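Student: Can we go through this structure together? I'd like to practise reading backbone and helix details.

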Amino acid sequence: MAVDFLGLEAFLSIAERGSFRKAAAHLNLSQTGLSHRIRKFEEALGCRLLARTTRQVTLTPAGLELAGRARGPVEALVAVLSELRAGAGRGEESVTIGCLPTIAVHHIPRLLVEFARTHPAVMVKVFDHSASEIADGVARGDAEFGITIVSANRWDLDIVPLLTEAFVVACPAAHEFATRPHLSWADLEGRPMVRVAPHTGNRALLDEALGARRDAMDWRYEVQHLATAISMVESGLALAVVPRLAVDASGSAGVVAVPLRDPGVLRRLGVVSRRGVPLSPAAEAMLALLRRHFRTRPKDKVAPAA
């Protein structure tokens, strides 16, 4: 059904003030005009919201339910509209993006330094979320675009490949594996390992690549975030199989990334945006910086997507 915002506004104003007269004055309406709005609103809903006598106005059970459930969302909507109006009045512009934490920690700050030179008045919001949260946020319009793991296509999103990177073995710098040119999964059997939780995109990629072989590994620890896994590796608790960018993002000299084979595992990152919705000029500029940044990354770390 179409939402009668004027009728909802009139109802909430009466519910808050307990009086048609006060609500009409607040909304700059005549009492006759206010009564017309309420009558039209109730007819559309098919139920009475207000019980009015010559002395007072009370809420019916339906009115009580609507007032309790609608007030918060309406106030939030009014706040958003007020912010947009205030920002437009000041000529402000903003960009909101979604981003995997491994990208947000190690790459986004440097990109924002460059972006601020050419767009000093643009406010930037970064949601550093999981892969599924990023896709859902872009689909809802919470972010203009997102940098996430490329998985199954979604009808509501456009996906453009950005880069491909390998999973590596993260081990302490003093570990016997640290100087090896590469490792296999067989080398890791019997070694304490830490992995991320099942709901993450990285875990799904590893589970798919290993199949039944994953049951042969000694998964001693499980965490929610790659940064936590890297910290546990640095402490000497366990080894971890993580994307190369996760080791870069840690910035720790105490953790070494060793190439992994048999099987090697790759993850493909891409840029997702809402299908049919053009990006703002500021978002386009930021995305161009992002693509140029990854085109110039060392090839032994990440490879730009074709």
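Student: Where is the place of Asp262?

Tutor: Keep in mind that this is a predicted model. Strand E11 covers 255-261 and strand E12 covers 266-274. Asp262 has its place in the loop between E11 and E12.

Student: Is Asp262 buried or exposed?

Tutor: Exposed means over 50% relative accessible area. Asp262 has 53%, so this residue counts as exposed.

Student: Which residue does a cis peptide bond join to Asp262?

Tutor: Asp262 is already a bit unusual, with a positive phi of about 55° although it isn't a glycine. Look at omega for the cis bond: the value is about -5°. The partner lies in the loop between E11 and E12 as well, and the residue joined to Asp262 is Pro263.

Student: What is the relative accessibility of Asn28?

Tutor: You'll find Asn28 in the loop between helix H2 (20-27) and helix H3 (31-45). Phi is positive here too, near 60°, and Asn28 is not a glycine. Asn28 counts as exposed because its relative accessibility is 71%.

Student: How far apart are the end C-alpha atoms of H3?

Tutor: H3 has 15 residues, and at 1.5 Å a residue they should span 21 Å. The model agrees with that, since the end C-alpha atoms are apart by 21 Å.

Student: Within what arc do the buried residues of H3 fall?

Tutor: The buried residues are Leu34, Ser35, Ile38, Phe41 and Glu42. Looking down the axis of H3, you see that they line one face of the helix, because they fall within an arc of 130°.

Student: Which exposed residues does the face turned away from the buried side of H3 carry?

Tutor: Turn away from the buried side of H3 and check that face. The exposed residues there are Thr32, Lys40, Glu43 and Ala44.

Terms used. Residues numbered from 1 in each chain as written. Predicted model: local features only at pLDDT ≥ 70, side-chain atom pairs only at ≥ 80, totals over all residues. Heavy atoms only, no water. Helix = DSSP H or I, 4+ residues; strand = E, 2+ residues; numbered from the N terminus. Buried < 20%, exposed > 50% of the residue type's maximum accessible area, 1.4 Å probe, protein only. Expected span 1.5 Å × (residues − 1). Arc of directions from axis to C-beta.
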